[in-house]
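Trainee: I am new to this structure. Please pick one part, look at it closely, and then follow the chain onward from there.

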Amino acid sequence: MTPRKSLGLLAVLTLVGLGAVLASCGKSAAPSSPSAATAATTEPGTAPEPEAVEDPDPPIDLPAGATLGDALPKLPPVHPRLGSGLAGDSARPARGCADQGPSGATLVKQLDLIVATGKTEAPQGVLEVCLFAQGVARTDRVSGTGKRFSVVSAWPGSAVQTYAFDEPTRTPTSLPPERAKVGHDGAGWATIVATGHPELPVLAVSSARFFDGRFGHVLQYQRRSRVLRGVGEAAQWQAFQDQDFAVVDLGHLQALCDGRADATPADRAAGQLQAACDEHLKLAETSDLQAAEHEKLRARRLKGLDLTMRKPDPDPQALWLGQAKASLAAGEWQKAFETALRADVACGEAVAEAHSVLNDALRAGKKTPAKLEASQAMAALCEPLPDKPAPKRSKVEVK
């Protein structure tokens with residue numbers, strides 16, 4: 001090739017390259033990896049052309065020191081979340097319930113509810129309710145629980161109400177002294193339940209269990225409850241429902257009969273193991289039949305039949321649910337609400353079937369529910385009281 005032709009070719013190539021550079025101005029960079037279709041049609045060693053994109057918006061003219069976030073419009077207000085976002089000091093308790101428990105007590109549970117305050121500057125506020133547990137010295141472990149529970153309600157502003165349950169106690173009637181040394185300790189626990197009712201927002205239930213009976217096979221349960229009634233300064237923890245019932249622990253009798261449970265030397269010397277076998281045989285013959293009768297009674301009550309209280313009543317929780325539905329049908333929504341709430345006391349926790357009736361009653365009364373942060377665990381309606389399963393026991397033998 002002659003020098004003249006070489007210079008001509010070089011000039012053409014230079015113009016082509018310059019045109020490609022000018023054509024690429026204003027286009028975005030090529031993607032980091034080509035698509036499969038592009039890669040299949042591209043020769044090795046060459047890069048695919050970038051896809052055409054729209055020109056970016058012109059830069060925003062910001063004052064010195066400002067960021068892009070400063071130029072964005074304000075977001076719309078969100079639903080107030082408990083613990084923040086409520087305007088004004090009057091929307092919150094001046095002092096939280098967690099800081100107002102008894103000296104030396106432990107916070108067990110806290111409920112935060114959004115309630116109406118009746119104030120124009122802060123129409124909604126936070127009601128805090130706390131449950132505390134406190135240890136109690138006990139010399140007799142069978143007759144006491146060693147625990148005392150208290151509740152504190154702190155309303156928006158400065159209104160506070162406190163109630164302390166007494167330590168549950170019960171003196172056994174037939175538990176032999178030697179059996180009291182074999183781990184038949186009383187036990188106590190408690191809970192607080194959000195009801196949804198704006199003027200009856202929280203139920204507190206203190207529960208206890210004691211052992212009794214010739215073989216320590218009778219479990220005596222106690223439930224004591226208080227309801228927070230009213231709003232703000234006018235609210236009070238008022239007595240609501242007490243419930244006592246007994247459960248026979250057939251499993252413990254069988255284990256004692258088999259020598260697997262907490263037999264003492266006095267038990268063995270007195271022939272108590274065979275006596276436990278005889279007691280188990282006697283009670284087992286009737287327990288299944290009674291449980292079947294209780295279930296039949298429950299089915300009738302939940303259908304609105306047999307709604308008269310028996311003494312003692314094996315299934316008051318089903319009775320109260322049946323009565324509550326009848327009151328609701330008669331237009332007595334407040335009565336229906338408080339009657340259904342008694343099922344929570346009988347079971348010692350929030351019951352799904354009961355709270356379904358509570359919600360229906362609030363709708364019938366055109367009441368705006370007090371909203372609870374997050375969700376509340378619900379349990380199924382507990383068994384008729386005498387059929388409640390007994391807790392498992394570990395083998396303890398005193399020598």
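Mentor: A pocket, as used here, is an open set of points on a 1 Å grid over the protein atoms alone, where a 1.4 Å probe fits and protein lies on both sides within 12 Å along at least five of seven lines; its lining residues have an atom within 4 Å of a point. Points are joined across faces, edges and corners, and the volume is the space filled by probe spheres set on them. By that count, the largest pocket holds about 370 Å³ of space. The model is a predicted one, in which local features need pLDDT of at least 70 and side-chain atom pairs pLDDT 80 or more, while totals for chains, interfaces and linings use all residues. Residues are numbered from 1 along each chain as its sequence is written, and side-chain values use heavy atoms, without hydrogens or water.

First, the setting. The protein has nine helices and nine strands (DSSP runs numbered from the N terminus: H or I of at least four residues for a helix, E of at least two for a strand). It consists of 399 residues, and 40% of them count as buried (under 20% relative accessible area with a 1.4 Å probe, protein chains only; exposed is over 50%, partly exposed in between). Take the contacts (heavy atoms within 4.5 Å) between residues at least 6 apart in sequence: 63% of them join residues at least 24 apart.

Now the pocket itself. Its lining consists of 17 residues, and those nearest the centre are Val248, Leu250, Ser287, Pro386 and Asp387. Three elements give two or more residues each to this lining: β8 (236–248), α4 (250–257) and α6. The largest share is that of α6, with six residues. By type, the lining has nine nonpolar residues, five polar and three charged (Ala, Val, Leu, Ile, Met, Phe, Trp, Tyr, Cys and Pro count as nonpolar, Asp, Glu, Lys and Arg as charged, and the others, Gly among them, as polar).

Helix α6 is worth following past the pocket. Glu293 and Lys296 form a salt bridge (a Lys or Arg side-chain nitrogen within 4 Å of an Asp or Glu carboxyl oxygen), with the closest N and O atoms 4.0 Å apart. The two residues are three places apart in α6 (residues 272–302), so about one helical turn separates them. Glu293 is partly exposed at 42% relative accessible area, and Lys296 is also partly exposed, at 48%. Arg298, which is found in α6 too, counts as buried, with a relative accessibility of 10%. Leaving aside residues up to four places away in sequence, Arg298 touches Asp315, Gln317, Ala318, Leu381, Cys382, Glu383 and Pro384.

After α6 comes the loop that leads to α7 (316–329), and Gly304 is found in this loop. Gly304 is partly exposed at 39% relative accessibility. Lys325 is 21 residues from Gly304 in sequence, yet their C-alpha atoms are 7.6 Å apart in space.

Asp306 lies in the loop between α6 and α7 as well. Although Asp306 is not a glycine, its phi is positive, about 55°. Most residues other than glycine have a negative phi, and most peptide bonds are trans. The same loop also contains Pro312, and the peptide bond from Lys311 to Pro312 is cis, with omega near -10°.

Asp306 also takes part in charge pairing. It forms a salt bridge with Arg310, the closest N and O atoms lying 3.0 Å apart. Asp306 is partly exposed at 28% relative accessibility, and Arg310 is partly exposed at 37%. Through salt bridges that share partners, Arg300, Asp306 and Arg310 form one network.

The structure holds 15 salt bridges. One of them, away from this region, pairs Asp185 with Arg141, with the closest N and O atoms 3.1 Å apart. Asp185 lies in the loop between β4 (160–164) and β5 (187–197), and Arg141 in the loop between β2 (124–135) and β3 (147–154), so the pair ties together parts 44 residues apart in sequence. Asp185 is partly exposed at 24% relative accessible area, and Arg141 is partly exposed at 42%.

One further positive phi belongs to Ala374, at about 60°, although Ala374 is not a glycine. Ala374 is found in the segment after β9 (371–372), and it is exposed, with a relative accessible area of 72%.
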